[in-house]
Amino acid sequence: MVRNGARTYGSRRGRGAVLAVLAVVLGLLAGFGQGPAPAWGAGGAACQVSWVGNEWTGGFTAQVTVTNSGAAVSSWKLSWTFAAGQQMTSGWNAQLVQSGTAVTASSLSYNGTVASGGSVSFGLQGTWSGSDPAPADFAFNGASCQGGSGTPSPTPTPSPTPSPSPSPSPSQSSSPSPSSSPSPSSSPSPSPSSSGSTGCAGAGTVVCSGFEDQSGSSLSGDWSVAAPDCSGAGTVTVDTAVAHSGGRSLRVNGQAGYCNHVFAAATANVAAVGPVVYARYWVRHTTALPADHIAMVTMADSADGNKHLRLGGQNGALQWNRESDDATLPAQSPVGVAQSVPLPVNQWVCVRFAVDTTRQSMDTWLNDQLVPGLHDDGVPTADIDQQWLSRTTAPRPVTLDLGWEAYGNGADTLWYDDVALGSAPIAC
């Protein structure tokens, strides 16, 4: 029927048709101004972020792991803000930029590709005052994430304890805690990887060795036996029973007592590597670091009369030592030693370091966790790098030797594998 010129529908069929049309129109209206649903699904998050921090008075490090919940990407940026005004001082495995409280971490040439469901990790170090809350407003390539799991760990105590780290750069495992009662064994169970890949080939890499090119038990080719300071009873051989990857590694039987020094020297010329010298190696050893001074890596420093720059241990924790003046990083005070970590025994661990040849700046990582006590930023910090910075000239490493130096008590059996040194960061 018609009423006042307006048609009404008196049948069920007519009312059903109107409802169907209205549903279509409302659906179209609801879609106006909206783009396609995100690849991770409506209402979902672009990523998940794990933030695991290690905090001490006025400073912190954080290991950040990002899981991509969307489509695969070939480059990425993760952004967040520091709610308490924390300030970054350094980072690794990402390009980090801070403006005020806003921070952006961008992918590097070697870790930009992240598959759907894949993960990538990076780390940073910074300072804080007042409080140090973990960020909670992460965005991955501009889209919001679920974020901020993990909280800073308590201030270190005088008994250093390795800080756990999630899996960063490549596949990392948590930094293992050392055994309080190490049980040395000269023949630990071999744990070879089936891949045999050293993971270090690339531009600017001068040393890249898994010792797979060694045909016998004696060193040849890219490596030779050396005793830079003085020789003793230690030995260096190629081992086919224990390896981190492939079927071979470098075995060092290090002896106690002054001048029992033995090393495998890389024959490659590393004098032109820079401006930052990056190194990485996997090491396994059987005996906890002693209280006396020992060295495991030594490099001639042409900026210091070819005296050696040494990475080793003292007071049971990792340290850098400078041969020319016996300075250490960190200082061997209880507070300084507490900022370093022991070297876990009877398991493979990854050690990385970076030495700037243009200014006083060094960093060292254990299983991709930055060691606060081994951080030299050029600004004297009591118990950390104040003593180290008594020498202002930047080091210029020109050799690379792996082995064992004892200056008193301390014997150990060590294996080195997947060794790399070059002008760009090398992941574990």
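Ala, Val, Leu, Ile, Met, Phe, Trp, Tyr, Cys and Pro count as nonpolar here, Asp, Glu, Lys and Arg as charged, and the others, Gly among them, as polar. Keep that in mind for the first exercise, and remember that you're looking at a predicted model.

**Exercise 1. The second largest pocket**

Task: work out which strands and which classes of residue line the second largest pocket.

Solution:
- Start with the space itself. The second largest pocket has a volume of about 350 Å³.
- Next, find its walls. The lining takes in 22 residues, and Gly-91, Tyr-278, Ala-354, Asp-363 and Trp-365 are the ones nearest the centre.
- Now go to the elements. Two or more lining residues come from each of strand S6 (87-92), strand S18 (276-285), strand S23 (349-356) and strand S24 (362-366).
- Finally, sort the lining by class: you get 10 nonpolar, six polar and six charged residues.

**Exercise 2. Thr-65 and its partner**

Task: find which residue Thr-65 pairs with in S9, and decide whether Thr-65 is buried or exposed.

Solution:
- Place the residue: Thr-65 belongs to strand S4, which spans residues 59-68.
- Look at the strand as a whole. S4 is mostly covered, with nine of its 10 residues buried.
- Find the neighbouring strand. S4 pairs with strand S9 (residues 119-127), in the antiparallel sense and over nine bridges.
- Pick out the partner: across in S9, Thr-65 has Ser-121 as its bridge partner. The side chains of Thr-65 and Ser-121 are also joined, by a polar contact of 2.9 Å.
- Check the burial. Buried means under 20% relative accessible area, and Thr-65 comes in at 12%, so it counts as buried.

**Exercise 3. Three salt bridges**

Task: for the salt bridges of Arg-391, Asp-368 and Asp-356, name each partner and say how covered the residues are.

Solution:
- First, the total: there are six salt bridges in the model. Side chains of opposite charge can pair when their charged atoms come close.
- Take Arg-391. Its partner is Asp-304, with 3.4 Å between the closest N and O atoms. These two link distant parts of the chain, 87 residues apart: Arg-391 sits in the loop between strand S25 (369-370) and strand S26 (401-406), and Asp-304 in the loop between strand S19 (294-301) and strand S20 (307-314). Arg-391 has 18% relative accessibility, so it counts as buried. Asp-304 is buried too, at 11%.
- Move on to Asp-368. It bridges to Arg-352, and here the closest N and O atoms are 2.6 Å apart. The pair links distant parts of the chain, 16 residues apart, with Asp-368 in the loop between S24 and S25 and Arg-352 in strand S23. Both Asp-368 and Arg-352 are buried.
- End with Asp-356. Its partner is Arg-359, the closest N and O atoms lying 3.4 Å apart. Asp-356 has a relative accessible area of 10%, so it is buried, whereas Arg-359, at 46%, is partly exposed.

**Exercise 4. A threonine in S24**

Task: say which side chain Thr-364 contacts, and whether Thr-364 is buried or exposed.

Solution:
- Locate it first: Thr-364 is in strand S24, one of the strands that give two or more residues to the pocket lining of Exercise 1.
- Then look for the contact. The side chains of Thr-364 and Trp-320 are joined by a polar contact of 2.8 Å.
- Last, the burial: with a relative accessible area of 1%, Thr-364 is buried.

Terms used. Residues are numbered from 1 along each chain as its sequence is written. This is a predicted model: local features need pLDDT of at least 70, side-chain atom pairs count only at pLDDT 80 or more; totals for chains, interfaces and linings use all residues. Side-chain values use heavy atoms; hydrogens and water are left out. On a 1 Å grid over the protein atoms alone, a cavity is a set of points where a 1.4 Å probe fits but cannot get out, and a pocket is an open set with protein on both sides within 12 Å along at least five of seven lines; lining residues have an atom within 4 Å of a point. Grid points are joined across faces, edges and corners, and a volume is the space filled by probe spheres set on the points. Helices (H or I, at least four residues) and strands (E, at least two) are DSSP runs, numbered from the N terminus. Buried means under 20% relative accessible area, exposed over 50%, partly exposed in between (1.4 Å probe, protein chains only). Two strands pair if DSSP finds at least two bridges between them. A salt bridge is a side-chain nitrogen of Lys or Arg within 4 Å of a carboxyl oxygen of Asp or Glu. A polar contact is a pair of N or O atoms within 3.5 Å; within protein, one must be able to donate a hydrogen and the other to accept it, and residues adjacent in sequence count only if both atoms are side-chain atoms.
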